[in-house]
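Trainee: I'm new to this one and would like a close look at a single part, the place where the two chains meet. Could you walk me through it?

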Number of protein chains: 2
Amino acid sequence: MEKNVLSRREAIARFEESPVYVITDEGQSAGRGNLMVVRAALEAGAKFVQYREKKKALRAMYEEGLLLRKLTEEYGAALIVDDYVDLALIIGADGVHVGQDDLPAEEVRKLVGEDMVIGLSTHNPEDLAGAVELYKKGVIDYIGAGPVYPTQTKEKPAPVTGLDYIELAADTHAETGLPFVAIGGIKEHNIGAVAAVGAEHCAVVSDITMAEDIGAKIAALTAAMKKFALL
Amino acid sequence: MEKNVLSRREAIARFEESPVYVITDEGQSAGRGNLMVVRAALEAGAKFVQYREKKKALRAMYEEGLLLRKLTEEYGAALIVDDYVDLALIIGADGVHVGQDDLPAEEVRKLVGEDMVIGLSTHNPEDLAGAVELYKKGVIDYIGAGPVYPTQTKEKPAPVTGLDYIELAADTHAETGLPFVAIGGIKEHNIGAVAAVGAEHCAVVSDITMAEDIGAKIAALTAAMKKFALL
């Protein structure tokens, strides 16, 4: 069992400096392994990487997670584990991301202690209101907001929120400080629209993992966000 | 996050005094919920209960797990959670059971600390040899040995071991002290044969969870084991 590499503050700083939030999806990586995809993203400057894996056995995830941990440490990037709090603790990830149907964020906070990042998925104004309370209490550090558009990378996605929910999350961010990352079906052709309603962080899955040139894709996504950003 | 109710020593004592090891399977419980089945088993004197659930979201398992925790505490029984180390810690279970493809037992031990039981599934002589080493190092407390017979309660069971593997586990127990529970397709009609080759503990899933009268079933299973036991 390893201690996380980045402090909670350092990991949040990596989130803040990342317009593009990278999430693995080996099933849609054009035959490449998660490690190869993540290495390419890190080479391109990615600083916040979520290890999302729904199909492998936990033993295989443990082995892969240790390699991802080493790799992200090498590049000074934060490593977040999706869903598996035990795995996150064991490999020394910098944080864990949970959904509304996962273990309650308050309980996860007690388990991981004060020095790890917790992200929480939200899908509607009710989730968002709950997340604000958790953020004020210091339980969570950021939220996912979406799915903005239809997505093929989740088996049972929540109903599509459209851009309205991203605007609401942006307003909430302005009022409360709660950081958010827009997520769900975001690709190069639509990321500008998401940035235009106030998203400073966008999670992109298949458009990155399927890209032939992952570095060029991340650069293009970042440029499109900048071009349309409110600020 | 709750502290476990029973100490590791107390939980192991519950294992030792239990010829029948109860495992939940809500999909095969004749329409009853896990809580109803477990309550009936506890009423019948069961002292070692494993919460195995493969289909529900973790949030639902958390809520059910808390209720199972309260119920088992009421009856002085040990509660073991299958697979989910984070859930086990959060609900204050007395132990966790992991398989060969789950998080490594050594890492699980570091995560749960010294005062929780860890059980490990084994399926062949190589697994058994590894388990002996882990037992000698104080990492694990008992093993599952099987599947003795074909089983319908696991989606991808390991190859059937037959009774030979149970005899080997019994010999290993005699030599090293490593406690084992035979598992896999064990029912009232064949439990005597398993006891006859040296199993002092048998895990029974569907034959209990499907039983109309769970108390009578546990009594019958216990009686059959006693009748054929070596000792």
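Mentor: Sure. Keep in mind that this is a predicted model. Let's start with who touches whom: 22 residues of chain A are in contact with 22 residues of chain B. Together the two chains bury about 2000 Å² between them, and 65% of that area sits on carbon and sulfur atoms. If you want three residues to click on, try A:Met1, A:Arg59 and A:Leu103, which supply 30% of the area that chain A buries against chain B, more than any other three residues.

Now for the polar side of things. Looking for salt bridges between chain A and chain B, you get a count of 0. Polar contacts are another story: 13 residue pairs are in polar contact between chain A and chain B, counting pairs with both residues at pLDDT 80 or more.

Which helices should you follow? On the side of chain A that touches chain B, helix H3 (58-74), helix H4 (85-91) and helix H5 (105-112) of chain A each supply at least two residues. H4(A) gives the most to that side, with 5 residues. Sort the residues on the side of chain A that touches chain B by type, and they come out as 13 nonpolar, 2 polar and 7 charged.

Next, see how the two copies are arranged. Chain A superposes on chain B through a rotation of 180° with 0.0 Å of shift along the axis, at an RMSD of 0.0 Å. The copies are thus related as by a two-fold rotation axis. To find that axis on screen, go to A:Asp86: of the residues of chain A, A:Asp86 comes closest to the rotation axis, with its C-alpha at 2.5 Å. The copies meet through the same surface, because 100% of the interface residues of chain A are also interface residues in chain B.

For another spot to visit within chain A, pick A:Ala170, which lies in helix H7 (residues 162-176) of chain A. Why does A:Ala170 count as buried? Its relative accessibility is 14%, so A:Ala170 falls under the 20% cut-off for a buried residue. Leaving aside residues up to four places away in sequence, A:Ala170 touches A:Phe180, A:Val197 and A:Gly198. And if you'd like a sense of distance, A:Ala170 and A:Asp83 are 87 residues apart in sequence and 25 Å apart in space, C-alpha to C-alpha.

Methods
Residues numbered from 1 in each chain as written. Chains lettered and ligands numbered in written order. Predicted model: local features only at pLDDT ≥ 70, side-chain atom pairs only at ≥ 80, totals over all residues. Heavy atoms only, no water. Contact = heavy atoms within 4.5 Å. Buried area = accessible area lost by both parts, 1.4 Å probe. Salt bridge = Lys/Arg side-chain N within 4 Å of Asp/Glu carboxyl O. Polar contact = N/O pair within 3.5 Å; in protein donor to acceptor, adjacent residues only side chain to side chain. Helix = DSSP H or I, 4+ residues; strand = E, 2+ residues; numbered from the N terminus. Nonpolar A, V, L, I, M, F, W, Y, C, P; charged D, E, K, R; others polar. Buried < 20%, exposed > 50% of the residue type's maximum accessible area, 1.4 Å probe, protein only. Least-squares fit on C-alpha atoms with pLDDT ≥ 70 in both.
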